[in-house]
Amino acid sequence: EATASIPQGDHDPVVLVEHTVIDMSGADCGIELTPFSTGYNARLYGVTVTGGASGSYGIILNTEGTGSTPWAVVDSCQVSGLTMGVGIQVVEHSPRIGKGTVSGCKTGIDLAGYGSPVVDAGADTLFLAGNTTGLVAADDVVAEVTGVRITNPSGGTGLFTTDSAQGTFSGLVITGGGTGIKAESDSVHTVRDSKVTQFTSYGVNVSVGGRVDLGTTGDAGNNSIYPDGTSPTRYVNAKNHLAELGPVMAELNWWGADPPPSTKFTTSTVDYTPWLTEDPLQGLVLFLEVARVVEAPRVWASPNPSRDVVRLRLLGVTGEAEVSVYDLRGREVRRWREPAAAELVWDGRNGQGGLMPPGVYFVRVGWSGGSQTVKVIRGR
């Protein structure tokens, strides 16, 4: 269990944790960032946290700050295996979560407390795969979530909003699960330019007192919400029969057909007219096999850069491993096979036993279930 407590002071301290593997066997939490002051910046990069049934949290961000600076950044991190816990928990305040993978957890990412967290992988992607619930927005949080790929097992939920959570959710791809979006929040939040498909119960399920804006005539939803081969109960199921709430606004979306089947909406409380006549997101890549891809074993090189030996840390590789080293021109300089272990070593030498000069190399580790290549820098 690793806890980073940021000290008080007149400077702007930085907590940097990168290329670190944490096995949570017997621990309740992998990494917790707990500040004592507002003047700091914290960054987690390339961190892998693996949990188990006893773990509650992979990464906890309890991070303060003022202004627009992203005071805590989680980037290129992998969290997996917290079958009864949360992959990344935002307790309060406004961190930024970028690309990475959260898989095999009860909840992938939980945005809670208050503040304005940002989940945005930019040109890359954040994968939430095989979690019971992919993403939760709760309490009084005001979230900005963009470009997340969520794949769920049968019966799971992609996006769940509750309490008074609000914000904007755009560019999501939610594939599979019982319900794509479950809205219990009593504050209006918007969903735009997102694809929800292969759900078995509801595309969007709005509870009593819940609110969600899926699109209006003046602000088109441009969402694609359709089952794609399954036969769900509703595309949009609205239970918010309280008169003051009005209908669920769901205009200018694609429902998989023109016109969409009226029986798939709680028609008295869903305004889905007008609708789009074609899929606005048909060019959006669906990562239908994300769970299989992102749950593959990972390989980390450390230290990197290195002047001496490079240790290759392997997660989940079994059987025999084949290691190949290539130079920047793609020429193989060494290859060997050995039983897979938690750690392999490249001593910086070629196949003839000579030390390789400083430069950039690519080390490929192959095993029966796949392979991964990592870039290694040999320093002077």
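**Chat about a four-stranded sheet**

Modeller: Let's start with a hairpin: strand 36 and strand 37 form one, with two residues between them. Keep in mind that this is a predicted model.

Biologist: OK, how many bridges join strand 36 to strand 37, and which way do they run?

Modeller: Nine bridges, and the two strands run antiparallel. Trp 367, for instance, sits opposite Gly 370 in strand 37.

Biologist: What about strand 33, how is that joined to strand 36?

Modeller: By five bridges, again antiparallel; strand 33 covers residues 320–326 and strand 36 covers residues 359–367. Ser 324 faces Arg 364 across that pair, and Tyr 326 has Phe 362 as its bridge partner in strand 36.

Biologist: So what's the strand order in the sheet, and is it open or closed?

Modeller: It's an open sheet of four strands, ordered 34-33-36-37, with antiparallel pairing. Strand 34 (332–339) and strand 37 (370–378) are at the edges with a single partner strand each, so one side of each has no neighbour in the sheet.

Biologist: How many degrees are neighbouring strands turned against each other?

Modeller: On average 20 degrees, ignoring direction.

Biologist: Switching topic: what's the average pLDDT of the chain?

Modeller: The chain averages 82, and 85% of the residues score at least 70.

Biologist: And where does pLDDT stay under 50?

Modeller: Residues 1–11 are one such stretch, and the model has 26 contacts for them beyond four places in sequence. Residues 285–296 are also below 50, with 23 contacts in the model beyond near neighbours in sequence.

Notes
Residues numbered from 1 in each chain as written. Predicted model: local features only at pLDDT ≥ 70, side-chain atom pairs only at ≥ 80, totals over all residues. Heavy atoms only, no water. pLDDT = per-residue confidence, 0-100. Contact = heavy atoms within 4.5 Å. Pairing = 2+ DSSP bridges. Axes fitted to C-alpha atoms, helices over the stretch in contact; angles between N-to-C directions.
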